[in-house]
Amino acid sequence: MASGCVGWTQPVRRTPHPWRAKGNPPTLLVSGAHGVATPRAWAESVHRQLPGNNKCGSQAARDYLLTLTMPTGSC
């Protein structure tokens, strides 16, 4: 839960850093609109940092979730 750490008295050990995706294979990032454990803003931040964003991703995710059809890798 994103608000679960508000007021936490322990010091922070790690700080956020930019996404490091250099050399990774194409990635399909799927995010729920109302997930409390993984806020949409986090997914959108990762999406902006991933190289080679593709507008076909939404359709590929929808096709897979509805029909289990794997993306072909091209639009």
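**A short tour from L28 to L50**

Select L28 first: the residue sits in the segment before α1, the helix that covers 40–49. The model on screen is predicted. L28 counts as partly exposed because its relative accessibility is 42%, a value between the 20% and 50% cut-offs.

Keep L28 selected and add V30, Y64, L65, L68 and M70. Together with L28, these residues make a nonpolar surface patch of about 640 Å². Show the surface and colour these residues to see the patch.

Now go to helix α1 and select R40 and E44, which both belong to this helix. How far apart are E44 and R40 along helix α1? They are four residues apart, about one turn of the helix. Side chains of opposite charge can pair when their charged atoms come close. Here the side chains of E44 and R40 meet in a salt bridge, with 3.5 Å from N to O. The distance fits the rule because the cut-off is 4 Å. The count by this rule is one salt bridge.

Are these two residues buried, partly exposed or exposed? E44 counts as partly exposed, at 38% relative accessibility. R40 also counts as partly exposed, at 39%.

For the last stop, select P26, in the segment before α1. P26 is exposed because its relative accessible area is 86%, and the cut-off for exposed is over 50%. Then add L50 and draw a line between the two C-alpha atoms. P26 and L50 are 24 residues apart in sequence. In space, the C-alpha to C-alpha distance between P26 and L50 is 9.1 Å.

How values were computed. Residues numbered from 1 in each chain as written. Predicted model: local features only at pLDDT ≥ 70, side-chain atom pairs only at ≥ 80, totals over all residues. Heavy atoms only, no water. Patch = residues over 30% accessible without salt bridge, like charges linked within 9 Å, V, L, I, M, F, W, Y side chains within 5 Å. Areas by Shrake-Rupley, 256 points an atom, 1.4 Å probe, with all protein chains shown as cover. Helix = DSSP H or I, 4+ residues; strand = E, 2+ residues; numbered from the N terminus. Buried < 20%, exposed > 50% of the residue type's maximum accessible area, 1.4 Å probe, protein only.
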